[in-house]
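Hi everyone, thanks for coming. I'll walk you through one structure today, so have a look at it while I talk.

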Amino acid sequence: MSTVTAEHVFLGPRNQWIYLLDGEGNIDVLSIKSLQRVTRLYQGSLVSGDANITAVAPLLGRYSLVTGDDRGRIVQWSALINADETRFVAIRSFDVERPVVQLVTEPRRKGFLSLADNGELSLLYPTSGRLLDQRMSDLTATTPIAVAPRSNLLIAAKSDGRVMTYGLDNQHPEISWGALWTKVWYEGYDEPIYSWQSSSADNDFEPKFSLAPLAFGTIKAAFYALLFAVPIALMGAVYTAYFMAPAMRALVKPGIEIMAALPTVILGFLGGLWLAPIIEANLSSVLSVFVFLPVGLFLFALAWSALPDKWINATSGWYGLIVTPLILLSVYLAFLYGPFFETVFFDGDSRAWFLEVLGLNYDQRNALVVGIVMGLAVIPTIFSIAEDAVYAVPDHLVRGSLALGATPWQTLVKVVLLTASPGIFSAVMIGMGRAVGETMIVLMATGNTPLMDFNIFEGMRTFAANIAVELPESEVDSSHYRILFLAALVLFLFTFVINTVAEVVRQRLRQRYGSL
Amino acid sequence: MQKELHAGRLSSRRHWTNVLTRYTVGVGGAAVIGAITLIFAYLLWVVAPILLPANIETPTEYQLNDRETALMDVSENGEVMFRVGNDGVVEFFSIDDGRGLAAYDLKLNITQAQRVSPLVDTYALLDTNNNLLFIKADYIVNFVDGQRRLSPQLSFPFSNRSISMGDIEHFDVQLADDDLVIAGVKGGTTGVNPLPKYGIRLPPLRVITDQLDEHSNCGTCFFGPA
């Protein structure tokens, strides 16, 4: 095995590789992890087109090399290692227009400076893909240049004994619109990705500050919570306000409103440590509940309607009490027959079945747990406001509708719900605001994995949980600290816009149906 | 008459209650809007610096001794410049005014020099005889009469003896995870010299070329000095 005739040699990350480059841009990457068995990881060329490489330097951590050529193109090359092969690929490039004669890297960050043949200094940062600033200088290819450890100063020694010091005002180079909201190709990754990974045990770590997974997680958590809460809360509110016996309503409404006083840290604790393992161990049973419950209620209603009118009228307004044992029975039966369904429908292992058949991975703390637990936290808010809205529908409208021959159901759908729609809409939007801003439940029951996956069995990380977890640990005034504040600002604007839109819609609904 | 007086008093009381209530509610509402605006402004104020452009500032220039420079560096806090001359003279200067703080003559002709780690101020110097010497810049802080005083010093972190690198044209050295590794190349020939356990004195060089040839088919690799 022969290597290139090296003109540059760089040790790689943790001294486990060695990069050898010749004058024509050919590269050999050797593994020296074991000195008894040196192996070649990659051999290839770093040249694109007919350009000549004129400068090369390793970035902090040495997972990447940057090359500059005589066409003014600067390329970041990163080693991508997986089980099958090692590749060395260009993950981004910059154009400084003039031939590059020297590249100087920052000692503690991934940034670097390039010096062009006309003396133009360019300050660049790979992760954000930013050409940060340029300035003309009288430095040359042979001028020794260094960047201070804190990247706030550049010094250069001229051959005549002159030393130039350039202040560098460059505190947050890793941040750009693209780095925050679009896919970024980080070194060592196969392709551009969305990623939030703000810290690591390594000093040579490349921070990943994409807010996209956090925004996605926030929306995902709110979506599943509302999916669970809205139908239950609204139907409960309509039933309580419109059909329930006053004596029972006097107990139910305050009872549900008291649920709103439950500290979310307790709900999160129960969700993460008690409910999540139960759902994981009885997944098919939990899923069976969503079948058993509606089917059971439907069959019960069918049977109930066959009873004599005398019985039905006597219990009118108390159905809520009557179906409660049925709900408990349905849940019990679902758990009783869950293992049977697991064997019949899921080949004896529902989690493995979801992974193999649908490609859905299962995490113990996931969106299903959050949907249920945060749904329970949101239900009282939506229920209470919606119930008030339905209950406040003027009685003369209901009586008028009934007097004109409409059934109670028709009156509910065509009169009551339309009249109460501004209040019901407000209830849902306030519930959504609560779900979006909720912190403790998502912190304790989601696993806090910043994924971009809508899979209900995967976790997520929300803006609020992220701020709660990371702000106490972040260095004041660092990029990380400011990005956490940016996350708070985005959350603030998000809820502000949602509430403003909700208010506009509510006003329009009120204008349209207020005259009923 | 008394009734009218009572009605007038009541009306006046209602008027003032109304006025008070109106202003209280108005002030409360304005305070809520003000609080939300303040929160927004504070968040924006903290976030704003990340939106500011970077800047390479106008340079400051000093005239130092006329000497060819092999390597420049800066201390952690950006207070002291460190220069290694090709003639082996190591100097420390104040960044504020270019004043010399300390100087050492290593009596070497340096051909290449480099820092060994981003985290420690240790440097490897290669001389014309291909001997490698490690030096370390120490910045000692003292307080004299309540004044902070920075005293740069030079030390030899491993040994004050140079290591013979054999016949090499280019080298790299890196301290990572407490292991120091030196790599040298000449043409198609590569040598690597691992010096484990940073902090102890340099062990004798180990030549393992034969083992490598036997195991790795890396015919042009050698390890340790030729």
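Okay, so let's go straight to the largest nonpolar core, which has 78 residues. Keep in mind as we go that this is a predicted model. Which residues have the most contacts inside that core? They are L211(A), I279(A), M374(A) and I382(A). And if you want to know who gives the most to the core, look at helix 9 of chain A, residues 367–391, with 15 residues in there.

There's also a second, separate core, with 19 residues, and L71(B), V80(B), A113(B) and L150(B) are among them.

Let's zoom in on L211(A) for a moment. What is L211(A) in contact with, if we leave aside its neighbours within four places in sequence? The list runs L180(A), W181(A), W196(A), F463(A), I483(A), L486(A) and A487(A).

Next up, a pair of helices. When two helices pack, people describe them by the angle between their axes and the distance between those axes. Here we have helix 4 of chain A, residues 264–281, packing against helix 9 of chain A at about 140 degrees, and the axes are 10 Å apart. Now, only angles over 145 degrees count as roughly antiparallel, so helix 4 and helix 9 of chain A are called oblique to each other. The crossing of helix 4 of chain A past helix 9 of chain A is right-handed. Who makes the contact? From helix 4 of chain A you get L267(A), G268(A), G271(A), L275(A), A276(A) and I279(A). From helix 9 of chain A come L368(A), V369(A), I372(A), V373(A) and A377(A). You've met I279(A) already, as one of the residues with the most contacts in the largest core.

Staying in chain A, let's do a sheet. This one is open, with 4 strands in the order 5-6-7-8, and the pairing is antiparallel. At the edges sit strand 5 (53–58) and strand 8 (86–95) of chain A, each pairing on one side only. On average, neighbouring strands in the sheet are turned by 25 degrees against each other, direction ignored. Strand 8 of chain A pairs with strand 7 of chain A, residues 73–81, over 9 bridges, in the antiparallel sense. If you look across to strand 8 of chain A from W77(A), the residue standing opposite is A90(A).

Now for a couple of backbone oddities. Most residues other than glycine have a negative phi. But E97(A), in the loop between strand 8 and strand 9 (100–105) of chain A, has a positive phi, near 75 degrees. Buried or exposed, what is E97(A)? Its relative accessible area is 66%, so E97(A) is exposed. D347(A) has a positive phi too, near 55 degrees. You'll find D347(A) in the loop between helix 7 (319–345) and helix 8 (350–358) of chain A, and at 67% relative accessibility it counts as exposed.

Last stop, chain B. It has 2 helices and 15 strands, and of its 226 residues, 42% count as buried. Have a look at F156(B), in the loop between strand 10 (147–155) and strand 11 (163–164) of chain B. F156(B) counts as partly exposed, at 36% relative accessibility. Not counting residues up to four places away in sequence, F156(B) touches L106(B), L133(B), F134(B) and I135(B). And how far apart are F156(B) and R9(B) in space? C-alpha to C-alpha, they are 95 Å apart, with their positions 147 residues apart in sequence.

How values were computed: Residues numbered from 1 in each chain as written. Chains lettered and ligands numbered in written order. Predicted model: local features only at pLDDT ≥ 70, side-chain atom pairs only at ≥ 80, totals over all residues. Heavy atoms only, no water. Core = buried A, V, L, I, M, F, W, Y, C linked by side-chain atoms within 4.5 Å. Buried < 20%, exposed > 50% of the residue type's maximum accessible area, 1.4 Å probe, protein only. Contact = heavy atoms within 4.5 Å. Pairing = 2+ DSSP bridges. Axes fitted to C-alpha atoms, helices over the stretch in contact; angles between N-to-C directions. Parallel < 35°, antiparallel > 145°, perpendicular 65-115°, else oblique. Left-handed = near helix turned anticlockwise from the far one by under 90°.
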